[in-house]
Amino acid sequence: MRRFLAVAAVGLMLFGTACDGGAATPESSPSGAAAQPGPGNHQLTLTHGGQERSYLLHAPPTYDRTKPSALVVALHPYPGKGTVMQEMVGLDALADRENILVAYPDGLSGGFNALVCCGTADDVGFLTALTEHLVSSWGADADRVYLTGISNGGDMSFRAAVEAAGVFAAIGVVSGGYSGQLTESEQYVPKQPVSVITFIGGQDRYFDIFRTGVQTWQRRLGCKPTPVGNTGAPGVTRTDARCTDGSDVTVYTLPEMGHSWPGAAAGQLAAGDAGVKATELIWEFFSAHPRRS
């Protein structure tokens, strides 16, 4: 039932193929009542490919358009919307502390067209257009644009890392994976470095899919995993890997966790007692990985 919110493995059995992504189209344009940059929460839209796409943008109290700030784009599970992520993972508090922008896009019909589901939207193009808009109009630092997500949103993060290489410096994937028909090609890897941090629960029914996926990613990019010492949480393991393109891959394995976001305080997919706080660890990883050329 928990994986129903992501439908990744179900998609592997039922959908078989994923729709091709694409670059942003000239039809992309911003709209919404709060078009003027400023602190606070802003409910905005971006027309892309003839469709009006909605997203929530959080700007910290110290936001200053003239001072480029990092941007984190956070993708919800299926079925869901941006407010699900906002309420669950605690990124707003982190943004206020670290002076960063956070965008919470809404998938069409509750989901993103990721590697194994959901829908047919050009979500790679939409996410590319969204980040370009936030760089040009809100002063986000193009070298510090990051993507994170859980479940369907995690799968989408892997897809965007490959198909929009050069846009995102790093991705943070929680209870999601690199799997599906598109990933069967040995060439389906980023053409520019994209670092990855991922969290996999040992009690997640799709543990094997997620573990195999990240191992495939590492093999294709020539990454050499090395176990790291004490993670501060009993039973939780971490491996770090440097890849031949200069990117890094960090994998946390949590044997007692299911399909969840470790350390989240609220929401159906929250695992507050997982032993580590994914939100903090993801930001720590992101802040150490600006875009590489």
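Analyst: Let's start with a cut-off: a residue is buried when its relative accessible area is under 20%, exposed when it is over 50%, and partly exposed in between. Also keep in mind that this is a predicted model.

User: Is Ser175 buried or exposed?

Analyst: Ser175 sits in the loop between strand E7 (170-174) and strand E8 (195-201). Its relative accessible area is 0%. Buried needs a value under 20%, so Ser175 is buried.

User: What is the phi of Ser175, about?

Analyst: Most residues other than glycine have a negative phi. Ser175 isn't a glycine, yet its phi is positive, at about 50°.

User: Is Asn99 buried or partly exposed?

Analyst: Asn99 also has a positive phi, about 60°, without being a glycine. You'll find Asn99 in the loop between helix H3 (91-98) and E5. Its relative accessibility is 28%, and the range between 20% and 50% is the one for partly exposed. So Asn99 counts as partly exposed.

User: How many helices and strands does the protein chain have?

Analyst: For scale, the protein chain has 293 residues, and 56% of them count as buried. Its secondary structure comes to 7 helices and 13 strands.

User: How do H4 and H5 lie to each other: roughly parallel or roughly perpendicular?

Analyst: Helix H4 (residues 123-138) and helix H5 (residues 152-163) pack with their axes 10 Å apart, at an angle of about 75°. Angles of 65 to 115 degrees count as roughly perpendicular. So H4 and H5 are roughly perpendicular.

User: Which residues of H5 make the contact with H4?

Analyst: By class, this contact has 4 nonpolar, no polar and 3 charged residues. On the H4 side, you have Asp123, Val124 and Leu127. On the H5 side, the residues are Met156, Arg159, Ala160 and Glu163.

User: How many residues of H5 are buried?

Analyst: H5 has 12 residues and reaches 16 Å from its first C-alpha to its last, close to the 16 Å expected. Among its buried residues are Gly153, Met156, Phe158 and Ala160. H5 is largely enclosed by the rest of the structure, because the buried ones number 11 of the 12.

User: Which helix gives the largest share of the largest nonpolar core?

Analyst: That core has 52 residues, and Leu127, Trp217 and Val249 have the most contacts inside it. Leaving aside neighbours within four places in sequence, Leu127 touches several residues, including Val73, Pro105, Met156 and Phe168. The largest share of the core, 7 residues, comes from H4.

User: How many residues does the second core have?

Analyst: The second core is separate and includes Met88, Ala278, Phe285 and Phe286. Ala278, Phe285 and Phe286 are among the buried residues of H7, a helix with 7 of its 10 residues buried. The second core has 37 residues.

User: Which residue is joined to Cys117 by a cis peptide bond?

Analyst: Most peptide bonds are trans. One cis bond joins Tyr78 and Pro79, with omega about -10°. Another has omega about 10° and links Cys117 to its partner in the loop between strand E5 (101-105) and H4. That partner is Cys118.

User: What distance separates the C-alpha atoms of Leu44 and Ser54?

Analyst: Leu44 belongs to strand E2 (residues 40-48) and counts as buried at 3% relative accessibility. Ser54 is 10 residues away along the chain. The C-alpha atoms of the two are separated by 5.8 Å.

Conventions: Residues are numbered from 1 along each chain as its sequence is written. This is a predicted model: local features need pLDDT of at least 70, side-chain atom pairs count only at pLDDT 80 or more; totals for chains, interfaces and linings use all residues. Side-chain values use heavy atoms; hydrogens and water are left out. Buried means under 20% relative accessible area, exposed over 50%, partly exposed in between (1.4 Å probe, protein chains only). Helices (H or I, at least four residues) and strands (E, at least two) are DSSP runs, numbered from the N terminus. Axes are lines fitted to C-alpha atoms, for helices over the stretch in contact, and angles run from 0 to 180 degrees between N-to-C directions. Angles under 35 degrees count as roughly parallel, over 145 as roughly antiparallel, 65 to 115 as roughly perpendicular and the rest as oblique. Contact means heavy atoms within 4.5 Å. Ala, Val, Leu, Ile, Met, Phe, Trp, Tyr, Cys and Pro count as nonpolar, Asp, Glu, Lys and Arg as charged, and the others, Gly among them, as polar. The expected span of a helix is 1.5 Å times one less than its number of residues. A nonpolar core is a set of buried Ala, Val, Leu, Ile, Met, Phe, Trp, Tyr and Cys residues joined through side-chain atoms within 4.5 Å.
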